[in-house]
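This report describes a ligand site, a nonpolar core and several individual residues. The sequence and structure come first.

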Amino acid sequence: MQVYEAPLRDMAFVLNELHADDGFGDLEALSEFTPDLTGAILEEAAKVAQEVLLPLNRSGDMEGCTLENGVVRTPKGFKEAYDMFREGGWCALASDPEWGGQGLPEAVNKLTEEMICSANLSFSLYPGLTHGATTAIEGYASDELKQAYLPKMVSGEWSGTMCLTEPHCGTDLGMLRTKAVPQDDGSYKLTGAKIFISAGEHDLTQNIVHLVLARMPDAPPGVKGISLFLVPKYLPKDDGTPGAANGVSVQAIEHKMGLKASATCQLNFEDSVGWLVGKPHKGMEAMFTMMNTERVSVGIQGLGVGEAAYQSAVWYAKDRVQGRSLSGVKNPAGPADPIIVHPDVRRMLMTMRAYNEGSRAIGAWVARALDAERHSTDPEVKARAQDFIALMTPVVKALFTDLGHEAAHLAVQVYGGHGYIAESGVEQFARDARIAMIYEGTNGIQALDLVGRKMPAHMGRYLRSFFHPVAAFVEANKEDADFGKMIEGLEKAFGALQLSTGTIAQKGMKDPEEAAAAATDYLRLIGLVAMGYTFAKAALIARGKLAEGAEDAAFYKAKITTARFFFDRLLPQATAAFLAIKSGKASMMELEADAF
Ligand SMILES: Cc1cc2nc3c(=O)[nH]c(=O)nc-3n(C[C@H](O)[C@H](O)[C@H](O)COP(=O)(O)OP(=O)(O)OC[C@H]3O[C@@H](n4cnc5c(N)ncnc54)[C@H](O)[C@@H]3O)c2cc1C
C-alpha cells in the first residue's frame, strides 16, 4: 500500500531549528514568513499532496499517458488535480511577485516540492519544469518576452519544457543539430527533432512554452555554438491568448520503466517560430540557470520518493506478521510477531529513515543558501551562499537520487515477494525513482562536475564554503560528553574528505582520468560528511531541547537515535569511498575495450 503523511514535524525542525546558526542570517525580505505562517502553508500543502495527488499516483501509473491523433492525454483525474493545484496558487509559490508569484522562501518551497514528489512524482514534473523554465526566461529573455510569457507561466495557465536531448546526443550536447534560422523580423525558424521531452505535450494547460537549444547557421561547432530559443506551441495573439499552431508536433510518447503519468515526448519542430533567449551562441549559459534549478529539484524528487517508500515500508512492517522476535515473543495473541521486530528489517527501515532525514537536512541548508543568494543585503553572505550552492548542486542532485532509489528498493525488500507484485504499490517507487539518477545530467556527470569544475574553482573557494563550518563545528564540539564519539567519527570522515581532495587535485592535474575515476566516490564522500555534520548538529540541538523539557520529547529522542544509527551504520561508507579514491584509476582502466 502506498502510505504517505507529510513529515511536518521534521520539516519544521529543519526549517526553524537546525540551520539557525548557518551564517546566512535572518533575511529581512523574508521576515513576514514566521514559523506560524510557514507552518500553516506546509499544512495546506500536505493536504493537497495527501488528498489530491496521492490518490492519483497508482492509478496514473497503471493508466499512463496516451497519444491519439497528435494529442497527448494525461491519466484520469490529472487535469482536475492540476486545475485545483493551479487555482490554489501552488504553481506560483516561489516565483517573483513581479510576475504574479508569491515570493515564498525557497526553504519552504523545497519542502512543498518534497511533499508533491512523495505523493505523485509524475505530477510534480508538470509544474516543476514550468518553474525551472521561468527562471531562465526571467534571467535571460527580453522584456517583451518576459511580459508576454512569465505571468501566464507563473500562474500555471501555460506550462514550460526544456528541449535539449536529440536522438544522437544526450550528455554531449555539443553534437546537437536542431537549426535556428534568423528571420527579418528578429525571430527565428527552428527545425529539428528532440526526444525524451518531459511534458512536451499534454492536456493540462492552454499553451506549452518550449525552451529549445539549437544552432544558428553561423554557429561555431560544439557547445560554444548553441543558442537558446523560446518556442511556444501556439503563437500568442495580440490579446495574449493562444493563437495559431506553431509547427511543433508529437512524433511519439516514450513507453517507460516508470514515471508513466508524466508525458515524455518525441517532438518535431518544423519551421517553428522562436525568439532568442540570452545572447547568440551563449545558450548553455542561459539553459544552465534552468538546469541548476532543476538539478536541486530533481534531488528533492529522490528524497520525496524515498520518504513515501519509507512510510509505506513502516506501515507494512507493523502490519505483516512472520516469525518470532529473537528477544522473546512480542505479539502473544497472534500467530507471529510483526516483522518490525527483526533486526534485519530494522536495518532497512533505519537506513531509509536516516537517508531521508539526512537529505532533508542538507536540502534545507542549501535552500537557505538559495534564499540568502536572492535576498541577503550583505555582499559577503551573498557570495558565500553562491559558492555553497555551486558546490552542493551536484551533490544534492546525485546523492539524494541515489539514496532515494536505494530507499525505494529497500521498501520492496521489506515487503518481500509482495513488494515485487504491482498491487503492493511499492515497486512503483523503485521504477519511478530510477529516472532521477539519469535525467538532468546523469549522476556520473554530476560527479564529474563536482571534481572537474566545482572542486578546483577559484583555488578551492567553493569547497571552503563547506569545509569551514564543518571544521569549526568539529573543533567546538569534539570534547562533547555525550556525542564526542559521534563527532570523532565526523572528524575522521572529514579528514578522509580533505585527504581525498588533495589526492584528486594532485593526481588529476597530471592525469584528468584519475580525477574522473574518483568522482563518484568523492561525491558520495562529501555527501556523507555533509550528512554527518547535519546529524551531529541535530543531535546537539535535540539534547538541548530535551534538557529544556520540550513537549515533543519523542521527536527529539528519535532524532538522536537516528543520528546514532547514521554514525554507527552508514558513515563507515566514508572509509570505503576514501579507499576507493586512493586506489586510483589503474584497475578500472587497464582492460582494453575488446577484453570486455
Ligand atoms: C523519462 C525521461 C525524461 C527526460 N526528460 C528530458 C527533458 O525534459 N528534456 C531533455 O532535454 N531531456 C530529457 N531527458 C533526457 C535525459 O536528460 C538524458 O537521457 C540524459 O541526459 C542522458 O543522456 P543519454 O540518455 O543520451 O545518455 P548518454 O549521454 O548516451 O550516456 C550514456 C552513459 O554514458 C555516460 N557518459 C556519457 N558521457 C560521459 C562522459 N563524458 N563521462 C562519463 N560518462 C559519460 C552517462 O553517464 C551514461 O551513464 C529525459 C530522459 C528520460 C528517460
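A residue counts as near a molecule if one of its heavy atoms lies within 4 Å of it. The model is predicted.

## Ligand shell

The ligand is surrounded by 18 residues. M162, T165, T171, F196 and T442 are the closest of them. By type, the shell divides into 10 nonpolar, six polar and two charged residues.

Which polar atoms of the protein lie by the ligand's oxygen and nitrogen atoms? An oxygen atom of the ligand is 2.5 Å from an N or O atom in the side chain of T171. For G170 the partner is a polar backbone atom, 3.5 Å from an oxygen atom of the ligand. A nitrogen atom of the ligand is 2.8 Å from an N or O atom in the side chain of S198. On its own the ligand has 960 Å² of accessible area, and the protein covers 61% of it. Two or more residues of the shell come from each of the elements β3 (158-163), β5 (188-198) and α13 (443-454). The most, three residues, is given by β5.

## Nonpolar core

In soluble globular proteins, nonpolar side chains tend to be buried together. In this model the largest nonpolar core has 199 residues. Its members L211, F466 and Y522 touch the most other members. Helix α10 (residues 379-414) supplies the largest share of this core, with 19 residues.

What does Y522 touch, once neighbours within four places in sequence are set aside? The contacts of Y522 are L450, V451, M455, L463, F467, L497, S500, T501, I504 and I581.

## Helix α1 and its cover

Helix α1 spans residues 8-18, and D10, M11, F13, V14, L15, E17 and L18 are buried in it. The cover over these buried residues includes α2 (35-53), α5 (106-119), α9 (343-375), α16 (512-547) and α17 (553-570).

D10, in helix α1, has a relative accessible area of 5% and therefore counts as buried, the cut-off being under 20%. Not counting residues up to four places away in sequence, D10 touches E357, R360, F555 and K559. E357 is placed in helix α9. Is E357 buried or exposed? At a relative accessible area of 10%, E357 is buried. Beyond its neighbours up to four places away, E357 touches D10, F535, K559 and T562. K559 thus appears in the contacts of D10 and in those of E357.

## E373 in helix α9

E373 is also found in helix α9. Its relative accessible area of 28% makes E373 partly exposed. Leaving aside neighbours within four places in sequence, the residues in contact with E373 are K382, A385, Q386 and I389. How far is E373 from G186, 187 residues apart along the chain? Their C-alpha atoms are separated by 34 Å.

## Q206 in the loop between β5 and β6

The loop between β5 and β6 (207-214) holds Q206. Q206 is partly exposed, with a relative accessible area of 45%. Outside the residues up to four places away in sequence, Q206 touches E157, W158, Y234 and P242. The side chains of Q206 and W158 are joined by a polar contact of 3.3 Å.

Q206 and S159 are 47 residues apart along the chain, and their C-alpha atoms are separated by 8.3 Å.

## Positive phi values

Which residues other than glycine have a positive phi? D271 is one of them, with a phi of about 50 degrees. D271 is placed in strand β11 (residues 264-277).

M459 is another residue other than glycine with a positive value, its phi being near 55 degrees. M459 lies in the loop between α13 and α14 (461-477). Is M459 buried or exposed? M459 is exposed because its relative accessible area is 76%, where exposed means over 50%.

Definitions and conventions:
Residues numbered from 1 in each chain as written. Predicted model: local features only at pLDDT ≥ 70, side-chain atom pairs only at ≥ 80, totals over all residues. Heavy atoms only, no water. Polar contact = N/O pair within 3.5 Å; in protein donor to acceptor, adjacent residues only side chain to side chain. Areas by Shrake-Rupley, 256 points an atom, 1.4 Å probe, with all protein chains shown as cover. Helix = DSSP H or I, 4+ residues; strand = E, 2+ residues; numbered from the N terminus. Nonpolar A, V, L, I, M, F, W, Y, C, P; charged D, E, K, R; others polar. Buried < 20%, exposed > 50% of the residue type's maximum accessible area, 1.4 Å probe, protein only. Contact = heavy atoms within 4.5 Å. Core = buried A, V, L, I, M, F, W, Y, C linked by side-chain atoms within 4.5 Å.
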